[in-house]
Amino acid sequence: MANEKNRPPFRYDIVGSFLRPEALKEKREAFAAGKAAAAELKEAEDAAIRDLVAKEKEVGLKAVTDGEFRRRYWHLDFLAALEGIEEVGAEHWSVAFKGAQPKAATVKIVDKVDFGNHPFLEHFRYLQSLAGDTLAKMTIPSPSMLHLICCVRATDYAPIERYEDEARLFEDIALAYQKAVRAFYEAGCRYLQLDDTSWGEFCDPEKRKAYEARGFDLDKIERAYVTMVNRVLEAKPADMTITMHICRGNFRSTWFSSGGYEPVAEILFGGCHVDGFFLEYDSDRAGGFDPLKHIKDQRVVLGLVTSKTADLENKDDIKKRIEEAAKFVPLDQLCLSPQCGFSSTEEGNILTEDDQWKKLRLIREIAEEVWH
């Protein structure tokens with residue numbers, strides 16, 4: 001898998017989200033205020049996604065996304081639409097960003113977790129209809145995120161009767177995600193990405209200390225997460241690629257976790273059977289490349305170009321970093337992408353649409369020079 005050049009992840013790739021155009025932002029605000037109908041919002045989303053996909057193709061991407069234009073958050077919209085999950089208001093966000101804070105909301109488990117008739121399938125079908133001969137990539141939050149948000153971050157978690165045995169919860173989440181994998185596959189999806197900030201948190205020494213002080217055994221939780229993801233992957237057909245993107249937070253160009261991959265590398269890189277990892281490496285908060293020695297045959301997409309600021313990276317600096325990473329993972333297993341999406345929530349990072357396309361052109365140029 002890792003060395004098949006015509007299969008994702010690609011030498012130059014994307015995480016998934018893009019800055020929302022102003023017209024779409026305005027329509028969503030009007031909808032939230034009760035001044036626009038759902039059908040009008042959908043029309044605006046459809047138009048914005050059509051335009052986005054054309055631009056993604058123009059910049060030469062081998063896989064296109066819908067920019068997550070139908071979502072408010074990268075994760076909650078998907079999780080809240082699962083059966084047995086309810087979105088609830090919150091006084092503050094479940095993690096504290098260094099600066100601006102997203103509009104607070106969270107999810108809780110109220111019944112048996114299942115996939116059900118999920119609206120994201122329709123979202124994917126629309127993307128697929130626009131993609132044509134280009135691969136359509138779907139991004140969803142990792143199964144770990146549901147447990148992390150409801151059972152680890154939440155300080156008031158009380159399991160419903162069905163989940164007093166936590167093993168049953170992990171199994172139900174895995175089975176729900178197996179159904180998701182099969183349903184997306186049947187809809188035509190061959191490239192699915194699991195977005196996961198739990199590992200970014202578990203890399204952070206302060207967060208580890210705080211969780212341990214609350215009685216959590218993080219190594220045990222990490223192993224449970226890897227087991228759960230691997231259980232999900234049992235449903236993956238041979239011609240489907242499933243990757244994982246790991247992030248330390250990305251809201252309005254801010255972040256919430258800091259620390260290298262050392263604490264999680266052996267359990268995650270050594271044990272998780274995804275086809276590739278999209279790894280944040282755009283700042284010293286992500287540490288060095290040494291933990292990559294635990295990578296098996298997964299492709300590693302180096303997020304060396306930041307999506308948080310407009311400044312364009314120096315080509316030679318990026319090439320040197322790719323060379324450094326190649327000391328731990330063969331160059332043929334490496335790829336290049338932005339460190340995260342450009343708009344993990346509808347608000348977006350602090351740069352312009354023009355800036356985001358310049359970043360992608362730079363990534364393509366570097367990749368074509370390195371892997372010519």
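**Exercise 1. Classify Glu-68 by its accessibility and place it in the fold.**

Solution. Glu-68 has a relative accessibility of 3%, so it counts as buried (buried means under 20% relative accessible area, exposed over 50%, partly exposed in between, with a 1.4 Å probe and protein chains only). Next, locate the residue: Glu-68 sits in the loop between β1 and α3 (helices are DSSP runs of H or I with at least four residues, strands are runs of E with at least two, and both are numbered from the N terminus). Finally, check the backbone: Glu-68 is not a glycine, yet its phi is positive, about 60 degrees.

A word on the model before we go on. This is a predicted model, in which local features need pLDDT of at least 70, side-chain atom pairs count only at pLDDT 80 or more, and totals for chains, interfaces and linings use all residues. Residues are numbered from 1 along each chain as its sequence is written, and side-chain values use heavy atoms, with hydrogens and water left out.

**Exercise 2. Test the length of helix α4, then describe its surroundings.**

Solution. Start with the expected span, which is 1.5 Å times one less than the number of residues. Helix α4 covers residues 120–131, so its 12 residues should span 16 Å, and the end C-alpha atoms are indeed 16 Å apart. Now look at the side facing inward: the buried residues of α4 include Phe-120, Phe-124, Tyr-126 and Leu-130. The buried residues of α4 pack against α2, β1 (63–64), α3 (76–80), β4 (135–141) and α6 (166–186). To finish, step past the helix: Gly-132 follows α4 and has a positive phi near 65 degrees.

**Exercise 3. Decide how many disulfides the model holds.**

Solution. The rule asks for a pair of cysteine sulfur atoms within 2.5 Å. Applied here, the count comes to 0. Take Cys-150: its closest cysteine sulfur belongs to Cys-151 and lies 5.6 Å away, which is too far for a bond. Cys-150 is buried, at 4% relative accessibility. Then take Cys-272: it is in no disulfide, as the nearest cysteine sulfur, that of Cys-203, is 14 Å away. Cys-272 is also buried, with a relative accessible area of 2%.

**Exercise 4. Describe the second largest pocket and its lining.**

Solution. On a 1 Å grid over the protein atoms alone, a pocket is an open set of points with protein on both sides within 12 Å along at least five of seven lines, and lining residues have an atom within 4 Å of a point. The second largest pocket holds about 340 Å³ of space. Of its 17 lining residues, the closest to the centre are Arg-28, Glu-29, Ala-32, Arg-72 and Glu-346. Two elements give two or more residues to this lining, α1 (22–32) and α2 (38–58). The largest share, 6 residues, comes from α1.

**Exercise 5. Find the contacts of Val-152 and Arg-364 beyond their neighbours within four places in sequence.**

Solution. Contact here means heavy atoms within 4.5 Å. Val-152 lies in helix α5 (residues 143–153) and is buried, with a relative accessible area of 0%. Its partners are His-147, Tyr-211, Arg-214, Phe-216, Ile-221 and Tyr-225. Arg-364 lies in helix α12 (residues 353–370) and is partly exposed, at 28%. Arg-364 touches Tyr-12, Val-59 and Gly-60.

Notes:
1 Å grid on protein atoms, 1.4 Å probe; cavity = no way out; pocket = protein on both sides within 12 Å on 5 of 7 lines; lining within 4 Å. Points joined across faces, edges and corners; volume = space filled by probe spheres on them.
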